[in-house]
Amino acid sequence: MSERIPQHRYTAELAGRIEAAWQDRWEAEGTFHSANPAGPWAEPDDPRLGTGHRYIMDMFPYPSGTGLHVGHPLGFIATDVHARYLRTTGMNVLHTMGFDAFGLPAEQYAVQTGQHPRTTTERNMEVYRRQLRRLGMGHEQRRSFATIDPDYYRWTQWIFTQIYHAWYDEDAPARTGGGTGRARPIEDLVEQFAAGERATPDGRPWGQLSRVEQAEVLDGYRLAYLSDAPVNWCPGLGTVLSNEEVTAEGKSERGDFPVFRRSLSQWMMRITAYADRLVDDLDRLDWPEKVKLMQRNWIGRSTGAQVRFPVTTTDGGQDAVEVFTTRPDTLFGATFMVLAPEHPLVERLVPDAWPEGTREAWTAGEDSPRGAVTAYQRQAATRSDMERQADTRAKTGVFTGAFATNPVTGTLIPVFVADYVLMGYGTGAIMAVPGQDQRDWDFATAYDLPIVRTVQPTPDHPDDQAFVGEGPAINSANDEVSLDGLDVAQAKERIITWLVGKGLGEATTTYRLRDWLFSRQRYWGEPFPVVWDEEGVAHTVPDHLLPVELPEVPDYSPRTFDPQDAQSSPEAPLARATDWVEVELDLGDGRGVRRYRRETNTMPNWAGSCWYYLRYLDPANDQAPVDPAVERYWIGPRPAPVAGAPAGASDPGGVDLYVGGVEHAVLHLLYSRFWHKVLFDLGHVSSEEPFRRLINQGMVEAWVYRDERGFPVPAAEVEEHPDPEGGAPTFTWNGEPVTQEYGKMGKSLKNVVTPDEMCEQYGADTFRVYEMSMGPLEQYRPWETRAVVGSMRFLQRLWRNVVDEETGELVVVDAEPDEQTDKAVHRTIDGVRADYEALRTNTAVAKMIELNNHLTKLAEVPRAAVEPLVQMVAPVAPHLAEELWSRLGHDTSLAYAPFPEADPAKLVEDTVTCVVQVKGKVRDRLEVAADVDPATLEELALASPKVQHAMGGAPVRKVIVRPPHLVNVVV
RNA sequence: GCCCCCGUAGCCCAACCGGCAGAGGCAGCCCACUUAAAAUGGGCCCAGUGCGGGUUCGAGUCCCGUCGGGGGUACCA
């Protein structure tokens with residue numbers, strides 16, 4: 001039957017041949033190479049250096065063993081289209097793609113298959129490379145790399161050492177020139193200590209501290225430091241995890257295993273030092289509001305006051321319970337206090353006996369406060385996070401037997417221990433203000449504690465609830481200060497001033513953000529460039545000895561445990577490589593060759609993705625991660641701030657367009673911003689942010705079909721039966737009825753469609769056009785294979801407008817296009833350019849289809865009409881466009897052929913259709929001159945018989961004239 | 001619970017600063033080509049914008065409420 005198909009029809013088979021040929025040619029000619037101004041690849045004479053530049057980037061893929069499905073390339077195609085468009089406007093465009101190849105899945109897959117992670121990872125990357133090439137990606141191949149390349153992770157380790165040898169000086173002027181706070185080399189701090197400008201923790205002179213003591217002091221400042229603190233231990237994965245990698249349910253984000261709090265010695269990154277800048281600088285980024293909001297919430301900055309409540313300890317000493325509150329204005333309503341069960345002060349507050357008059361309900365039935373508190377602490381400690389989640393409403397707690405003094409009222413208020421107060425936030429203690437906090441209200445009603453309202457509730461506010469809204473202060477005065485009548489903001493200000501004056505408190509800010517746990521007990525990650533000496537002091541490996549290469553080990557799989565075994569401890573696989581761990585080195589510190597033990601943890605896989613955008617800029621540089629001039633050229637600050645930035649904001653620099661999934665909203669994007677800011681502070685980069693503009697592409701989802709037992713059946717084999725009544729269609733598989741639902745694309749749901757299949761059946765260009773015409777980039781959309789033919793038909797028609805299907809001869813004519821066609825061409829150019837500019841490829845494709853359909857109807861297709869169309873289609877269907885371009889007689893690639901220009905004169909119509917409405921309803925349409933004056937138009941409209949009829953003789957009250965498109969008569 | 005996003009034709013989606021609801025595609029139907037087919041060509045059909053109010057000369061678009069779907073977060077003091 002194939003002999004019936006015209007020989008030169010644009011079929012999948014022909015598309016495949018054309019595509020392979022152009023891919024070879026692009027590669028051979030280095031079509032997508034961009035020009036660098038400096039560094040190893042400097043081409044200072046390249047003319048593109050003077051014509052503007054754009055850096056377009058995708059979140060690089062993790063090469064999984066299953067390859068790509070049709071959802072993965074959505075963002076990649078979008079950036080490729082945009083990059084290709086930008087090249088035709090003369091820009092120097094950098095667009096490449098590497099691989100995020102370290103990490104858990106690669107290791108787990110390798111464990112499953114019994115092969116070395118490097119073997120499987122490299123094979124997976126080959127599959128990805130082939131798949132991406134087949135899709136016609138215009139990636140600059142020479143800039144591509146993987147995070148597992150020693151040449152790359154050498155610099156990842158180098159950055160770690162930079163961070164390790166830095167501390168955050170709150171008081172130093174910011175490098176931007178405004179404000180204070182920046183990272184500085186640790187040597188500056190050592191100098192301050194040595195010179196006595198800064199006191200050591202115990203006051204002894206720096207020189208009198210031992211090497212170990214000095215190291216410990218510095219660890220308290222370093223931006224990368226070792227901490228012995230409770231961390232997230234996941235026995236099921238055999239590693240510790242960062243807070244960001246643990247879900248709200250207390251499970252590992254990857255694998256959904258239980259996570260337990262264990263105190264372990266681990267590497268941390270002092271990201272909290274950057275909390276303010278990470279929040280504030282979001283304003284200067286062109287990112288989705290949703291992502292900015294997620295980062296703001298994650299950092300969780302809240303401002304308020306730290307207030308001290310005097311207490312007498314059991315030994316008779318005077319101490320104070322320090323609380324953090326965002327509502328210091330409600331201090332007069334603090335009728336009791338609550339400490340977290342783990343609060344260190346608890347032990348020194350609990351008396352031997354219950355004070356006289358202690359209520360039965362406060363004692364939990366125990367004979368002594370000590371017994372009650374200990375029992376409660378034990379219970380709180382054994383309750384898992386899951387259990388705590390389960391009953392978030394019910395408040396439990398126990399009286400400590402101690403009282404504190406409310407510093408503004410002078411009254412003694414009872415101190416409780418309750419697990420609704422968390423040790424990890426604020427100071428681990430609160431002043432409870434039931435009148436203005438619902439949690440405190442719940443606790444107060446449960447334990448019969450006094451409630452004092454200190455903000456006047458609104459009249460309709462229920463009597464049995466805390467009032468958390470705005471209002472004037474009431475019941476808030478003592479002999480020295482009165483807040484009564486002030487609004488919340490004023491009251492806060494006045495009470496803080498008073499507290500500061502009395503030495504009872506001060507304004508403070510707290511954050512939800514915690515430091516970033518940076519070590520993992522895995523094999524497949526970057527080794528730390530750290531060794532330990534005999535005294536247990538850490539040293540970084542000198543730069544010239546980097547990279548510290550990952551050793552070969554007989555058994556690279558991690559030791560995992562029963563997921564529920566909270567008492568197990570991590571074992572780093574690298575610790576088994578004893579030949580590697582024990583090492584003799586000269587660190588160049590004057591102490592000569594000595595014996596050291598290597599650090600056996602590895603870095604989390606976020607490390608590699610923290611800075612890859614910098615390395616793309618200058619991947620062959622062996623002197624620095626990136627040449628400073630190259631960095632400044634590509635991502636240095638631009639003169640104008642981003643759209644929507646607050647007045648007076650400056651551009652922070654960064655990648656011009658970064659496209660990726662919203663799942664990295666806090667993890668990768670927060671870590672990456674943090675590293676970038678450290679590098680900025682230390683003077684290694686000129687930009688303050690890594691990614692100036694971010695877009696989250698939507699996901700391609702798919703239909704899932706299940707049989708009667710609920711098992712998924714192969715979606716591709718399901719038949720759809722339309723309902724004759726016009727209702728919902730029904731579905732069968734092998735004749736059996738199946739149900740349809742919407743979900744992710746995945747192997748287990750038997751609904752995976754791969755780009756390879758699409759290239760096979762339709763060709764890469766068709767696939768690209770289809771993905772781009774499904775809807776806006778940000779949108780989630782269902783995959784529908786049968787709809788792909790629409791894109792195929794479009795390209796086929798375009799082909800036919802240039803090439804005779806039977807003979808392969810050119811069919812275009814050199815005659816001038818008629819006026820209508822000419823205008824359609826220019827209108828399309830104008831619209832498509834704007835659409836490409838704004839990444840609205842779906843509407844760009846629609847406009848091109850429209851023009852193409854118009855050309856199809858002509859007896860002969862004029863060259864002057866179809867050539868611009870071929871150029872316009874090139875970003876989306878590059879192979880077809882190149883082929884037609886060459887058949888039209890051009891011998892150079894159109895990758896850099898200037899995008900067609902619309903002639904403004906041809907965009908204006910001589911006459912337009914004017915709509916005449918009566919009371920907002922369309923009653924007539926008039927053909928009028930485009931430049932008709934309002935008075936004439938009004939006259940014409942009122943003279944219309946249809947309008948007169950619609951008015952029914954009613955008098956004209958008002959006429960709205962919007963020439964030339966609309967007249968609205970109000971009667 | 002709180003916060004954010006989205007509801008337009010059977011389906012995927014357009015609609016600029018509020019100004020004719022339809023650009024494009026799928027499916028369906030009809031016709032042509034064909035021995036037959038379709039990944040061919042031509043044509044046709046299809047909603048008043050989830051629902052209820054409001055502002056306006058005029059609302060898919062702005063405001064309020066409500067329902068449905070998706071996402072984030074959750075004793076954060």
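Which residue's side chain meets that of D448 in a salt bridge? Keep that in mind as you go through these close-ups of a predicted model.

**View 1. R359 and D448 pair up across the sequence.** The partner is R359: the side chains of R359 and D448 meet in a salt bridge, with N and O 2.8 Å apart. R359 sits in the loop between β10 and α10, while D448 sits in the loop between α12 and α13, so this pair ties together parts that are 89 residues apart in sequence. R359 has 37% relative accessibility, so it counts as partly exposed. As a bit of background, side chains of opposite charge can pair when their charged atoms come close.

**View 2. Shared partners build a salt-bridge network.** Here D281, R284, R673, K677, E688 and E689 are joined into one network by salt bridges that share partners. Across the model, the count of salt bridges comes to 64.

**View 3. R129 and E126 meet within one helix.** Both residues belong to helix α4, which covers residues 117-134. They are three residues apart, about one turn of the helix. Their side chains form a salt bridge, at 3.4 Å from N to O. How exposed is R129? R129 is partly exposed, with a relative accessible area of 29%, and E126 also counts as partly exposed, at 46%.

**View 4. R204 and D202 make another salt bridge.** The closest N and O atoms of R204 and D202 are 3.0 Å apart. R204 has a relative accessible area of 31%, so call it partly exposed. D202 is partly exposed too, with 49% relative accessibility.

**View 5. Chain A as a whole, before we zoom back in.** Chain A has 27 helices and 31 strands. Its C-alpha trace spans about 105 × 90 × 65 Å along the principal axes. What percentage of the 971 residues counts as buried? The figure is 54%.

**View 6. The largest nonpolar core holds 181 residues.** Look for Y55, F160, W516, F518, W675, W783 and M848, the residues with the most contacts inside this core. Which helix gives the most to it? That's helix α18 (residues 667-681), with nine residues. There is also a second, separate core of 53 residues, and A305, V323, V373 and L504 are among its members. In soluble globular proteins, nonpolar side chains tend to be buried together.

**View 7. S687 is tucked away in a loop.** You'll find S687 in the loop between α18 and β21, the latter being residues 694-696. Is S687 buried or exposed? With 0% relative accessibility, it falls under the 20% cut-off, so S687 counts as buried. Now compare its position with that of K747, 60 residues away along the chain: the C-alpha atoms of the two are separated by 42 Å.

**View 8. A cis peptide bond joins L546 and P547.** Check the omega angle at this bond and you get about 0°. P547 is in the loop between β17 (538-540) and α14 (578-581).

**View 9. A364 has a positive phi.** Phi of A364 is near 55°, a positive value in a residue other than glycine. A364 belongs to the loop between β10 (336-339) and α10 (369-382). Remember R359 from the opening view? R359 lies in the loop between β10 and α10 as well. A364 has a relative accessible area of 54%, so it counts as exposed.

**View 10. N475 has a positive phi as well.** For N475, phi is near 50°, again in a residue that isn't glycine. The loop here runs between α12 (438-446) and α13 (488-502), and D448 lies in the loop between α12 and α13 too. How exposed is N475? N475 has a relative accessible area of 48%, so it is partly exposed.

**View 11. Lysines and arginines form a positive surface patch.** The patch is made by K919, K921, R923, R957 and K958. Zoom in on K958 and you'll see that it is part of strand β30, residues 958-962. Why does K958 count as exposed? Its relative accessible area is 54%, and exposed means over 50%.

Note on methods: Residues numbered from 1 in each chain as written. Chains lettered and ligands numbered in written order. Predicted model: local features only at pLDDT ≥ 70, side-chain atom pairs only at ≥ 80, totals over all residues. Heavy atoms only, no water. Patch = residues over 30% accessible without salt bridge, like charges linked within 9 Å, V, L, I, M, F, W, Y side chains within 5 Å. Areas by Shrake-Rupley, 256 points an atom, 1.4 Å probe, with all protein chains shown as cover. Salt bridge = Lys/Arg side-chain N within 4 Å of Asp/Glu carboxyl O. Lys, Arg positive; Asp, Glu negative; His and termini not counted. Charge placed at Lys NZ, Arg CZ, Asp CG, Glu CD. Helix = DSSP H or I, 4+ residues; strand = E, 2+ residues; numbered from the N terminus. Buried < 20%, exposed > 50% of the residue type's maximum accessible area, 1.4 Å probe, protein only. Core = buried A, V, L, I, M, F, W, Y, C linked by side-chain atoms within 4.5 Å.
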